[in-house]
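Subject: A structure to look at

Hello,

Here is the structure I promised to hand over. Please open it first, then read my notes below with the view in front of you.

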Amino acid sequence: MFENVSGMLQQFSKFKGKGQGHLEVMPEFNAHAQAIVMTIEYLIFIDQPGRFNRKVTDLVRSHINRSNSPAGSQLFQQLRDKIHIFVEQERAVAPSSVESQVWIKFFTVIVNICKREERNQSCSRVLCAVCCCTKR
């Protein structure tokens, strides 16, 4: 994914400046990658829409609220647009395969929730500024 999504490696402060060959043998990087895969697999198998929405919203909030390098809708849009390349290569499936399409749809949900949360945060900041100004 690092070759396909610009700025992806910069999202990981622990791994900045490392080449992909170096990353592939780092236990810490591999543990992080495994945690991502396990989280996504967990989310995919939630069969209750409300619970799924809450869990994905929590995931999104944890990314957009990171202090060191927030990941917002722009990054997730790039992931959505490029995830099929990764899935097709790693799983040896066709672009039209159900698996490839499911991953695209999954990241579309993440992007939509991310945009909603970003709007909510912007509104909160504006309301806070207005509220603070009116208290003076």
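**Overall layout**

Along its sequence, the protein chain runs α-α-α-α-α. That is 5 helices and 0 strands. Keep in mind that this is a predicted model.

The protein chain has 136 residues, and 28% of them count as buried. Its accessible surface comes to about 8800 Å². Carbon and sulfur atoms account for 57% of that surface. Now take the contacts between residues at least 6 apart in sequence: 56% of them join residues at least 24 apart.

**Helix α2**

Start with helix α2, residues 27-44. Does the length make sense, or what should we expect for 18 residues? At 1.5 Å a residue, α2 should span 26 Å, and its end C-alpha atoms are 26 Å apart, so the two values agree.

The buried residues here are F29, I40 and L43. They cover an arc of only 65° around the axis, so they sit on the same side of α2.

Look at F29 more closely. F29 belongs to helix α2. Its relative accessibility is 12%; buried means under 20%, so F29 counts as buried. F12 is 17 residues away from F29 along the chain, and their C-alpha atoms are separated by 9.5 Å.

**Helix α3**

Next comes α3, which covers residues 49-64. You can repeat the length check. The 16 residues of α3 should span 22 Å at 1.5 Å a residue, and the end C-alpha atoms are 22 Å apart, which agrees.

Which residues of α3 are buried? They are F52, V56, T57, V60 and I64. Seen down the axis of α3, these buried residues fall within an arc of 130°, so they line one face of the helix.

Two of these residues deserve a click.

- T57 has a relative accessibility of 5%, so T57 counts as buried. Leaving aside neighbours within four places in sequence, T57 is in contact with I113, R116 and E117. T57 and I113 are 56 residues apart in sequence, yet their C-alpha atoms are 6.4 Å apart in space.
- V60 is in contact with I110, I113, C114 and E117, again leaving aside neighbours within four places in sequence. I113 and E117 are thus on the contact lists of T57 and V60.

**The nonpolar core**

How many residues does the largest nonpolar core have? It has 28. Those with the most contacts inside the core are F15, V56, V60, F76, F106, F107 and I110. Helices α2, α3, α4 (73-91) and α5 (98-134) each supply at least two residues of this core. Helix α5 gives the most, with 7 residues.

**Aromatic rings**

A search of the whole structure finds 4 aromatic pairs. One of them joins W103 and F106. This pair is edge-to-face, with 6.5 Å from centre to centre and 80° between the planes.

Why are W103 and F106 about one helical turn apart? Because they are 3 residues apart in helix α5. The general rule helps here: an α-helix has 3.6 residues a turn, so residues three or four places apart point the same way. Both W103 and F106 are buried.

There is also an aromatic cluster, made up of F52, W103, F106 and F107. You have met F52 already, as one of the buried residues of α3. F106 and F107 are among the residues with the most contacts inside the core.

**The loop between α4 and α5**

Last, find A92. A92 lies in the loop between α4 and α5. Is A92 buried or exposed? Its relative accessibility is 69%, and exposed means over 50%, so A92 counts as exposed. Check the backbone there too. Phi of A92 is near 55°, a positive value in a residue other than glycine.

**Where to start**

Colour α3 and α5, then find T57 and I113, with C-alpha atoms 6.4 Å apart. Then move to W103 and F106, the edge-to-face pair.

Best wishes

Methods:
Residues numbered from 1 in each chain as written. Predicted model: local features only at pLDDT ≥ 70, side-chain atom pairs only at ≥ 80, totals over all residues. Heavy atoms only, no water. Helix = DSSP H or I, 4+ residues; strand = E, 2+ residues; numbered from the N terminus. Buried < 20%, exposed > 50% of the residue type's maximum accessible area, 1.4 Å probe, protein only. Contact = heavy atoms within 4.5 Å. Areas by Shrake-Rupley, 256 points an atom, 1.4 Å probe, with all protein chains shown as cover. Expected span 1.5 Å × (residues − 1). Arc of directions from axis to C-beta. Core = buried A, V, L, I, M, F, W, Y, C linked by side-chain atoms within 4.5 Å. Phe/Tyr/Trp six-rings, centres within 6.5 Å; stacked < 30°, edge-to-face > 60°.
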